[in-house]
Amino acid sequence: MRSVWISVWLLALAAVTQADYWLGTVNHQGSSPFNPDQSYEVFRNVRDFGAKGDGIADDTAAINAAIAAGTRCGLGCDSSTTTPGLVYFPPGTYVVSSPLLQYYYTFMVGDANDIPVLKAAPSFSGIAVIDADVYAPGGVNWFTNQNNFFRQIKNFRIDLTSAPSSTGIHWQVSQATNLQNIFFDMTPGGAQQGIFMENGSGGFLANLTFTGGKIGMVVGNQQFTMRDLVFNNCDTAVKQIWNWGFVYKGLRINGGSVGIDMTSLSSPGNPGSQLVSSIIILDSIMNNVGTGILTAFSATSGPGVSGSLRVDNVNFSNTPVAVGSPSGSAILVGNQLVDAWAQGSVYSQGVLSRVQGFLKPLNKSVELLSGTAFLERNKPLYADVTANNILSSKSYGAKGDGVTDDTAAIQALFNLAGPSNVVFFDHGVYLVTDTIDVPAGTRMTGEIFPIIMASGPKFTNIQSPIPVFRVGQVGDVGILEMSDLIFEASGPLPGAILIEWNIKASSPGVAGLWDVHARIGGTAGSQLQQDKCSKGASDPATCSGPFMLFHSTKTSGFYMENCWWWTSDHELDMAGHNQISVFTGRGMLVESQEPVWLYGTASEHNQFYNYQFSGAANVFAAMFQVETPYYQGTPNALVPFPVNSQYNDPTFSDCSPSDLACARTWGLRIVNSKNIIAYGAGLYSFYDNYTQSCYATQSCQTHIVSIESSSVTLMGVNTIGTKNMITVDGVPQRRPKPSHGTTTLMEATGVSPVTGLHLPSGTRPFQATSAEALVKLLLGVLDSPGLQLQAIVVSACSSEVHSNKARQSFQTNKVSFAVDCRPSSGLHSHPQA
C-alpha cells in the first residue's frame with residue numbers, strides 16, 4: 001500500500017513541475033507609455049477574468065472579457081500600437097460556444113509545458129474558435145486585411161471534435177503575425193477545418209499539427225511561408241484558394257485523399273481562370289496519400305502562368321499519384337522521391353510550349369543543410385527555463401517609459417546575464433541613446449513586442465552611422481537568440497543602424513532572430529507621424545528614418561525567421577491613418593560569408609534597396625517580400641541619403657535621364673555573392689509618387705531585381721508594377737506585359753562559367769561575338785508574341801575567359817544552347833523561358 005501512495009505523490013509532483021511555465025509565474029510589469037490610460041494593463045490571465053478551464057463551464061465570455069479589457073482596438077479602430085494585450089491561458093480545458101475575438105495587437109499564449117485546450121462546445125456557432133479579423137454586420141471586417149499586423153497565437157490544442165462543422169482559427173492577417181505550436185483535433189472523416197485564411201498580405205506560421213477533419217487548412221493570401229506542418233488523416237491537408245506565392249517547407253502529410261489542392265478557379269469549369277499563381281513545396285513527405293498535389297494546370301490553362309509549381313526534395317511514399325489532375329489522371333506518378341520537378345511555360349527552338357517535368361536538381365551548399373533538407377529551427381519558447389532564471393528588464397533598472405534613457409540599464413543587464421538566463425523585456429518603450437553591445441551567449445525575448453527606440457544626437461551623423469544594438473564583436477562565435485522585439489526610431493536618425501550582427505553561430509542555427517521587427521514611423525512616440533510626415537508634404541530632414549535597418553558583417557552568420565524590416569507607409573495611431581512619407585536609407589545589408597537562413601522575411605519602403613547581398617556566400621531564403629516606397633519617384637532612390645561607397649550602395653549611374661522610373665529602390669540586389677538560393681520572392685511596386693496609374697501598365701519602375709557578378713538561384717519570383725523582372729549585370733531580362741496581376745518566374749539562376757557540356761540532339765545553338773549582340777538576340781526571343789515568362793536561367797562567361805575556351809556551352813532541362821564568349825565581351829547572360 002505504501003508503494004502505491006508514493007507513486008501517486010510522485011505523479012502529482014511531476015504534474016506540478018510540468019505546469020510551472022515561467023510566463024505564468026514571473027512578475028509582469030509591462031506598460032504602454034503612450035496610452036493615455038496609465039492604468040492600462042498589458043498582461044492578463046484569463047483565470048483572473050473568471051475563466052474556469054475545467055472542461056465544463058462555458059468560458060467564452062470570461063476569455064473575451066480578458067482580451068477586451070481596457071480600451072482596445074476593435075471594430076472601427078483600424079490599428080493601434082498603444083493597446084497591446086498578452087492574454088495568458090494556464091493549463092486546463094476551456095469550453096467555448098462562440099468565437100474568441102482577437103483584438104488588434106494581441107498575443108494569445110498558452111502554457112508551453114502543459115498546453116491548454118480550447119474546446120468547441122457541441123452548440124458552438126461562429127466562424128472559428130479564434131477569430132483574428134471579425135466580420136461585422138454587413139460583411140465589413142474589423143481590420144483591413146492587408147494591415148492586420150502584430151498578433152500571435154501559440155501553445156494550444158484546439159479541440160473541434162464535439163462541433164461537427166467548426167473551424168479552429170480564422171486567420172486573415174498580414175506581416176508580423178505568427179501561429180506556433182498548435183494542435184488541431186478534428187473528427188476522422190468529419191467536416192471540420194483547422195484554419196481558414198481568405199485574404200491578407202502575410203506572413204508566416206510554423207509547428208502546427210492537424211488531425212482528422214475535412215480540410216486541415218483553407219488558405220489564400222498574397223504571399224506566405226509555412227514550415228513544419230503535420231497533417232494526420234485530414235481528407236485534404238491544404239486547400240489553396242488563391243495566392244501570388246506560397247512556400248511550404250517541411251510538410252508531413254500522413255493519410256488522406258489529397259495533400260495540396262491548388263485547383264481553385266474564379267470561373268468554375270474554366271481552367272483559364274486559375275486563382276493560384278505559384279506554389280513551392282520543399283523538403284516534405286507525403287505518406288499514404290491518394291493524390292499528393294492536385295492541379296488544374298494544363299496546356300491551355302491560365303491566365304498566364306498561373307498554377308506554377310515547383311516540387312523540391314519531396315518524398316511521395318505509398319502515394320500512387322504525386323501530381324494529378326481533377327479528372328483523376330496522373331501527371332507525375334508517385335511512390336518516389338522527387339528531387340526537382342516543375343510545371344510551366346517553356347520557349348524552346350522557336351516554339352512556345354508548356355511542360356510539366358523533371359528539372360536538374362539544384363546544387364545545394366552542404367553548409368545550409370541538415371541531412372538532405374535545409375536547416376530549420378523553431379522559435380525558442382524557453383519551456384525548460386525556470387522563473388528565477390528570467391531577468392526582467394524593469395527589475396534590473398530599465399524604465400521602459402518612453403522618456404528615461406535606458407541605455408546604461410540595458411547594457412548592465414546584458415553584461416550580467418549568464419548562459420542559463422533569458423533577458424525578458426517587459427512591454428514598454430526603451431529609449432536608447434548610444435550603441436548597446438550584446439555579448440555572445442545572450443538570450444532575450446520580449447513581452448508582446450516591447451519597443452527598443454533609438455533616440456538622440458549620436459545617431460544623427462549620416463556620414464558615420466553607428467549601430468543601436470551591436471550583436472557581438474567582429475569574429476565572435478557562439479549562440480545568440482532574439483525574439484519578439486520591435487526596433488523603432490524617435491525623430492530623424494540618419495546615422496543609426498538598428499542592428500549590426502557580428503556573431504557566427506557555434507553550431508548551425510543557434511544564433512538567430514525570430515519575430516524581431518523594425519517599425520519606422522507612423523507610431524506614437526516616433527515623431528515621424530502624419531502630423532509631420534504626411535505624404536507629399538514631408539521634409540526629408542524632418543522625416544528621415546535610420547541609415548539602415550539590419551547589417552550583417554562578413555564574418556557573421558545567422559538564422560532569421562518571420563522578421564519584417566518596415567518603414568511605415570501609413571499612420572498606425574493617429575486618427576485617419578493617412579499615408580506618410582518617411583525616408584529610411586537601406587533595408588537589410590547581408591555581407592555574411594558564413595551560412596544564413598531566411599524564412600518568411602520582408603523588407604519594405606527603404607530608399608536604396610530593401611535587400612542587398614554584397615560579397616555574401618551560402619544563403620538560403622524561403623520567400624522574400626518587398627515593396628518600393630510609395631513616394632518614389634518624387635524623390636527618386638538617390639534622395640535624401642547620399643551614396644556611401646563603404647556600404648556598396650547602388651549608384652543608378654546606368655539610368656537614362658529620360659527614364660524617370662529607373663532610379664527606384666532595388667527590391668533585391670545581389671553583388672559579388674555566391675551560393676545564394678531563394679525559394680519564393682514577391683517584389684511589388686504599386687505606386688509612382690502615391691498614384692497608381694502605372695500599375696495597370698506595369699511601369700511603376702523599370703527594374704526591381706539586380707544580379708551582379710554573382711551565382712544565384714531564384715525560384716517562384718512574382719513581380720508587380722515593374723517593366724523588367726530581373727536585371728543581370730545591367731542587362732534587363734524582359735518579359736511581356738502580364739495578363740493578370742502578377743508575373744511569375746519559376747526559376748532564375750546565375751552560375752559561374754560552365755565548360756565541357758555535350759549538347760544533346762535538338763539543341764539550338766546561339767552565337768554572339770559581343771554582349772550587345774547576345775542581348776539583342778535574346779530580347780528578340782523574349783519579345784515574341786504571346787510569350788509568358790516561366791523561367792530564366794542566367795549563366796556567365798567571365799572576362800578572364802581565354803581564347804581557346806571562348807566557346808561555352810550551357811544546358812538546362814528546359815533549354816540548351818552555346819554562347820561564343822570572347823575576352824572583350826565581359827559577362828554574358830542567357831534567359832530561358
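Select Arg-519 together with Phe-150: the charged end of Arg-519 sits over the ring of Phe-150, 4.8 Å from the ring centre, where sitting over a ring requires NZ of Lys or CZ of Arg within 6 Å of the ring centre and within 35 degrees of the ring normal. The model on screen is predicted, with local features reported at pLDDT of at least 70 and side-chain atom pairs counted only at pLDDT 80 or more, while totals for chains, interfaces and linings use all residues. Residues are numbered from 1 along each chain as its sequence is written, and side-chain values use heavy atoms, with hydrogens and water left out. A second contact of this kind can be found by selecting Arg-157, whose charged end lies over the ring of Phe-183 at 4.7 Å from its centre.

Return to Phe-150 and widen the selection to the aromatic cluster of which Phe-150 is a member, a group that also takes in Tyr-103, Tyr-104, Tyr-105, Phe-107, Trp-142, Phe-143, Phe-149, Phe-449, Trp-564 and Trp-566. Rings of Phe, Tyr and Trp (its six-membered ring) pair if their centres lie within 6.5 Å, and planes under 30 degrees apart count as stacked, over 60 as edge-to-face and the rest as tilted. By this rule the count comes to 49 aromatic pairs. One of them joins Trp-22 and Phe-424 edge-to-face, at 5.3 Å centre to centre and with 75 degrees between the planes. This pair links distant parts of the chain, since Trp-22 belongs to helix H2 (residues 22-25) and Phe-424 to strand E31 (residues 422-425), 402 residues apart; helices (H or I, at least four residues) and strands (E, at least two) are DSSP runs, numbered from the N terminus. Trp-22 is buried at a relative accessible area of 4%, and Phe-424 is buried at 2%, where buried means under 20% relative accessible area, exposed over 50% and partly exposed in between (1.4 Å probe, protein chains only).

Next, look at the backbone of Phe-449, in the loop between strand E34 (443-446) and strand E35 (451-454). Phe-449 has a positive phi, near 60 degrees, in a residue other than glycine, and its relative accessible area is 0%. Asp-515, in strand E41 (residues 511-520), likewise has a positive phi, of about 55 degrees, although it is not a glycine.

For cis peptide bonds, move to the loop between strand E48 (617-627) and strand E49 (666-671), where Gly-633 lies. The bond from Gln-632 to Gly-633 is cis, with omega near 5 degrees, and another cis bond, with omega about 0 degrees, joins Thr-634 and Pro-635.

The last stop is the disulfides, of which the structure holds four, each a pair of cysteine sulfur atoms within 2.5 Å. Cys-73 and Cys-77 have their sulfur atoms 1.9 Å apart, and their link is left-handed, with -105 degrees about the S-S bond. Cys-533 and Cys-543 are joined at 2.0 Å from S to S, and their link is also left-handed, at -100 degrees; both of these cysteines are buried. Finally, select Cys-694 and Cys-700, whose sulfur atoms are 2.0 Å apart: the torsion about their S-S bond is about 90 degrees, so this disulfide is right-handed.
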